[in-house]
Number of protein chains: 4
Amino acid sequence: MIGYAFMGKAHSNAWRNVASYFDVPAFEQKVLVGRDAAGVAEAAGKYGWAETSTDWRTVIERDDIDIVDICAPGWLHAEIAIAALEAGKHVLLEKPLANTLAEAEAMTAAAQTARAAGVQSMVGFNYRRVPALALAKELIAEGRLGTVRHVRAAYFQDWLADESAPMTWRLKRETAGSGALGDIASHAIDQVLFLLGDQVTEVSGRMHTFTTQRPGEAGLEEVTVDDAAWATLSLSSGAIASVEVSRVATGRKNSLKLEIYGEKGAILFDLENLNELGFLDATVSVREQGFRRILVNEPEHPYLAAWWPQGHIIGWEHTFTHEIRDFLLAIDAGTEPSPSFEDGLTVQRILNAVEESAAAKSSIIQLAGTPAGTPTALTATSEGA
Amino acid sequence: MIGYAFMGKAHSNAWRNVASYFDVPAFEQKVLVGRDAAGVAEAAGKYGWAETSTDWRTVIERDDIDIVDICAPGWLHAEIAIAALEAGKHVLLEKPLANTLAEAEAMTAAAQTARAAGVQSMVGFNYRRVPALALAKELIAEGRLGTVRHVRAAYFQDWLADESAPMTWRLKRETAGSGALGDIASHAIDQVLFLLGDQVTEVSGRMHTFTTQRPGEAGLEEVTVDDAAWATLSLSSGAIASVEVSRVATGRKNSLKLEIYGEKGAILFDLENLNELGFLDATVSVREQGFRRILVNEPEHPYLAAWWPQGHIIGWEHTFTHEIRDFLLAIDAGTEPSPSFEDGLTVQRILNAVEESAAAKSSIIQLAGTPAGTPTALTATSEGA
Amino acid sequence: MIGYAFMGKAHSNAWRNVASYFDVPAFEQKVLVGRDAAGVAEAAGKYGWAETSTDWRTVIERDDIDIVDICAPGWLHAEIAIAALEAGKHVLLEKPLANTLAEAEAMTAAAQTARAAGVQSMVGFNYRRVPALALAKELIAEGRLGTVRHVRAAYFQDWLADESAPMTWRLKRETAGSGALGDIASHAIDQVLFLLGDQVTEVSGRMHTFTTQRPGEAGLEEVTVDDAAWATLSLSSGAIASVEVSRVATGRKNSLKLEIYGEKGAILFDLENLNELGFLDATVSVREQGFRRILVNEPEHPYLAAWWPQGHIIGWEHTFTHEIRDFLLAIDAGTEPSPSFEDGLTVQRILNAVEESAAAKSSIIQLAGTPAGTPTALTATSEGA
Amino acid sequence: MIGYAFMGKAHSNAWRNVASYFDVPAFEQKVLVGRDAAGVAEAAGKYGWAETSTDWRTVIERDDIDIVDICAPGWLHAEIAIAALEAGKHVLLEKPLANTLAEAEAMTAAAQTARAAGVQSMVGFNYRRVPALALAKELIAEGRLGTVRHVRAAYFQDWLADESAPMTWRLKRETAGSGALGDIASHAIDQVLFLLGDQVTEVSGRMHTFTTQRPGEAGLEEVTVDDAAWATLSLSSGAIASVEVSRVATGRKNSLKLEIYGEKGAILFDLENLNELGFLDATVSVREQGFRRILVNEPEHPYLAAWWPQGHIIGWEHTFTHEIRDFLLAIDAGTEPSPSFEDGLTVQRILNAVEESAAAKSSIIQLAGTPAGTPTALTATSEGA
């Protein structure tokens, strides 16, 4: 595994525990790789890795390494992933696939070549393995919503709501590629594609940065990525999806919200309550129709039989355990794990189109001459009878 | 009052009851006007009107009429409202102001002329008088959210979700002007303007009709208005609002949802639970921060002291009672009731810009050559330890 | 109508509006009766009563009076109701039936005598006419829950949570009979009986007064009724219901909550969201089971076709409109309106049994010699990895 | 560790992961003990234990064993725990302490003797380590609720709602001690004591078995424990707590619900949404009062800094990780871990008092002679205007 920060910790948790819950092929947590020798040593001790290294190139050449799990920052994805695939290692790569479309295309080509030689690859859109969303996918695939008409997807966080929050690599275009768009819209868009099993044909978008400077080490520095983005996506089925993301949505912590409206039913989901799925079956008599709160925590639900009895909820990190379980099973079976690098590239192209559309601004209508400012004051008070 | 269908019934309820709860100037429910003599007679009996007429022109000329409440369909608004104002009657007009921008402008001009002569007018965006939204307005005006960054507004209904639902005048451009856009986006946009006390400077939009033909009296007829619409609005304060509306959002009955995210706080609202306001105060210690469910049902809340003790919730129709109370008080005081025809025109211009932008389609990016269809199938099943 | 305070205002609203929504026999709002001539005159003007009187005895003797609606305080119920029934007037009486069991029994006897002569009577447990609860009753009667095993009923308010809230007649045994028990447990118990269509066979109860003195006109006065009460009721079907009520439940405004657990399903309700019913159908596949939020606002639902289109919610006061509609229809049809005085007496007997059981205290186990106080302090802090 | 079923799996997860998140003294997962050699070997492999044994007596005598974690069924608790403590091993024991009061008293005596010799013990009421409940405890201890008046505690599950669910050891008095009472009321009662830091002085209770026979290996067998139980507890502070538990509450999966009403505020919790705490601060202006949904997922909250960024929710099993972290830190520091065996005994005595009170039935009032069955049928239908 390369990288041991937030994602490295989450992936390590999954590697350390997956075999306790699922029947997966035997494996060992061999080497943890990072730039700082002391840091990587401490992390390896905590997270259960047998060895450490500061040189990923050497490690991916080792004969006793079969799988490379890449949790390094996005700007390193292309170089490491291509090298690992060329070295014949199966690759699990954190999302997003890459910071640029060119990198993403090169990586996908490498993945296709490797796949022909039996070397597998997977991109880590872990929310596909939230049991409630896996159930949603099943219900949609079974036709329980009928034709889906529109989807409302939002991913809202608020860790940048405070305008004095400091500059980080995530706020610079050269290191992060984009802001909320690449970081969280990527998840929202992948879910739309995953749940509907559909393709995007048209994109229109807007992006905005509310706080354009933030305190860095040498005073105020320019924020060169978006705080928030909006898009509408046309899908080949005729459905339309709206996507709205923000890292300044005060009070929303990690809220990926999905609303899917079909002819025969509808689905609701919020990542802050990830054990629940809202489902409305419109074929039921109107008299007793309503959104059901399904506590997706039964042995009958995807992945859940492995864990605890009903009602004993699981956490966010379990999605990675499910992801690695499916990755290991696919490698063992010689099948292609999903989502593939192609899936990652598809998301990247859509993100790119959002940026292009936002830059074009050509369909924005200017409004001038609004009527002389009539006050919208409310004159009512609480006076009563 | 002219018109006695849905809106006429709701306005009548308000006229019949307002004086039982609020201290308003004395008035009489004089004449109900409608096209069908038998129908209007029955309605007048039920709803408390003393007389009936089938000729609105005669009625608005009567000396014993001071106020004209127009609940007729949109295509009649301009003619009746202008005539009534010219006849020196105060006018309460159901929203939207008009079906076309030209009509809306003429009506606003008439209202301005009349106002100079002490004749008042008001457009019926009744949701400004939902107590929870009036409270939201107060909180925002007091600076409790700080600078508002973005707003997420949606108005979702599902009465057209069934594709066999029949053709009506609401689905024809010539009678309805537009579809979900004019009918319900108008409410959502008015709320954005009302709550933020701000102006829109830029608009971009999309519109879509999912069911393009519906059964009419003579077989399938073309639907010439939108089922759903999406827009982003830039406000002069720098805030951005997304607006999304649909009449095919299966499972949503009358859900006007607002989410307002500011620097210091956030607000949530859903018309299906109109007695509640969500409020997060981000200046509170993080340890105890969270969205509050305020049951807006206390004597301290706007309009509520007039009704029942705390926790005895009010219904949708009460918003009209509040509207008419404020209208009557403004007339009595010789002040301008709000929202004015100018406010209605402002909304109309924004709706128009959404239509223009949607027609332009110039910032839509076409996506071609998505990577060879990697299946997004979920391989996981419920297997466990 | 006798009385024009809180309940008088609510009943007046219903009388004033019922014919606008429902097909009921024609009637006139004749006389409003109260002790204070000026007060009753003002109220009559506001609420739509043609005449006023300060002498209920005279009014109930009038030939042009057919119905007496009694909204006077509980200690006057027996005298007025018996006199009105004996005068051959149909009687609608606010709950609770009476302050004492003896009065309740005398009133029920009078009602039975009158009924034999075609004179009807009804006790105003208005929550039977909440559409969501009427729907719940239908679902239970249709067997959708199977055998009901247990019910959890609570009625929580907080208007006495502040210990400096002043003394009122509601806090004195001689005027109010009891406290939370008679005032709100009566509603909760009536709902259990109504929804299950069952009888109580055994009762055990507790009562408690948290604030025993409150500021009165002449300094601190003794509170002689309960702030809160708890009971378990055995029903003849074998079901068990718990009832818990409080007027010091901080944060709960008017929350009558019901949870009904049966073999085949379950039902949830909260009066603060009275347009919603929670329903779980346990015969549905486990994979998609969950509590549905039914917005009880469709024409298919009890009473709703009379009001507004779907999703336009109604308020608390509408329950009285439904009650009076049903009362008028029953009188017109010569059938017995429900709930009857017998139903009111049944509730009274149960309340009485709760008081007896609470006074007996005979099954309370004293705990002594708890182990030497081991502190239950939490030593954990927020320290992390 | 002794036992490797449900609780053994959950404890193993905590032992395997605690050092990855928290700074705890170093330890090794030495021996897993179970009755079935093959079963224990498989479990040890999965859950990370180095060795296995089928003889707990031998293991607790080993010099290289310092801690014994007892996850065996309740009827084995006393024997193993006393032996382990006498052997000088620190003991972590799953709840409930024991099946009988006599055993619980003997165990507590053993724990007190051991403690004097520096040998620690702890009973596994893991819900004390739900971060939201730890936060609730902090808020209450800080006086944020003022004087607590009443508590409403319920623990509802539905795994016995199906009357054909088979007989198990949990349904026999000789193996389980009691039913819902010991299994889940123990958790609810422990929370009341933990959160309020108070003692119970009086108990009154009821118990009921709805399904008295269930299919066993040899046909229908008698269920000799309760399906549901109800109690009211008086606390020495003057507060009153109601406790209601059921394993037949259809639709409730693992719902431990707490509502705590104080003079100055109130708290809500539901284990099915364990990352959330409801908190109402009644010292805030009435205009903006309401229950806050605090997502207890911030670094500022108990235990959370160790896990993931805000909004990335944790699961049920994490409570054991917190429990073992606190247990290890207490042992390391030579302090007494909490909850102690005395705490476990206190709960046991209260459960015992519930059983005694339920058996006495002496305050149950029989109701006879309810008035001739007036039907409670609802005559209203959906007819409208």
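In strand β4 of chain B, Val91(B) is the bridge partner of Val68(B). The strands concerned, β3(B) and β4 (residues 90-94) of chain B, run parallel and are joined by 4 bridges. Here strands are DSSP runs (E) of at least two residues and helices are DSSP runs (H or I) of at least four residues, both numbered from the N terminus; two strands pair if DSSP finds at least two bridges between them. These strands belong to an open sheet of 3 strands in chain B, with the order β3-β4-β5 and parallel pairing. Because β3 (67-70) and β5 (121-124) of chain B each have a single partner strand, they stand at the edges, and one side of each is left without a neighbour in the sheet. From one strand to the next the twist averages 10°, where axes are lines fitted to C-alpha atoms (for helices over the stretch in contact) and angles run from 0 to 180 degrees between N-to-C directions.

The model is predicted: local features need pLDDT of at least 70, side-chain atom pairs count only at pLDDT 80 or more, and totals for chains, interfaces and linings use all residues. Residues are numbered from 1 along each chain as its sequence is written, while chains are lettered from A and ligands numbered from 1 in the order in which they are written.

**Confidence**

The predictor gives the complex an ipTM of 0.94 and a pTM of 0.95. Chain A has a mean pLDDT (the predictor's confidence in each residue, from 0 to 100) of 94, and 95% of its residues reach 70 or more. Over residues 370-385 of chain A, pLDDT stays under 50. Where pLDDT is low, the predicted coordinates should not be read in detail.

**Annotated spans of chain A**

Two domains of chain A come from an unreviewed UniProt entry: "Gfo/Idh/MocA-like oxidoreductase N-terminal" at residues 1-115, and "GFO/IDH/MocA-like oxidoreductase" at residues 135-267. UniProt positions follow the numbering used here, feature names are shortened, and annotations may be inferred rather than shown by experiment.

| Span of chain A | Distance between end C-alpha atoms | Helix | Strand |
|---|---|---|---|
| Residues 1-115 | 20 Å | 50% | 13% |
| Residues 135-267 | 10 Å | 21% | 39% |

**Contact of chains A and B**

Residues are in contact if their C-beta atoms, placed from the backbone, lie within 7 Å. The contact takes 91 residues from chain A and 89 residues from chain B. On the chain A side, helix α10 (residues 341-360) gives the most, with 10 residues. That side divides into 41 nonpolar, 31 polar and 19 charged residues; Ala, Val, Leu, Ile, Met, Phe, Trp, Tyr, Cys and Pro count as nonpolar, Asp, Glu, Lys and Arg as charged, and the others, Gly among them, as polar. Strand β7 (residues 200-208) of chain A pairs in the antiparallel sense with strand β16 (residues 365-366) of chain B over 2 bridges, and Ile365(B) is the bridge partner of Val203(A).

**Contact of chains B and D**

A turn of 180° and a shift of 0.0 Å along the axis lay chain D on chain B with an RMSD of 0.0 Å, the copies being superposed by least squares on the C-alpha atoms of residues with pLDDT of at least 70 in both. That is the relation of a two-fold axis. In chain D, the C-alpha of Arg292(D) is nearest the axis, 1.9 Å from it.

Here 16 residues of chain D are in contact with 16 residues of chain B. Strand β15 (residues 291-295) of chain D supplies the largest share of the chain D side, 5 residues. The chain D side divides into 6 nonpolar, 3 polar and 7 charged residues. Strand β15 (residues 291-295) of chain B and β15(D) pair in the antiparallel sense over 3 bridges, with Arg292(D) as the bridge partner of Arg292(B).

Technical notes:
Contact = placed C-beta atoms within 7 Å.
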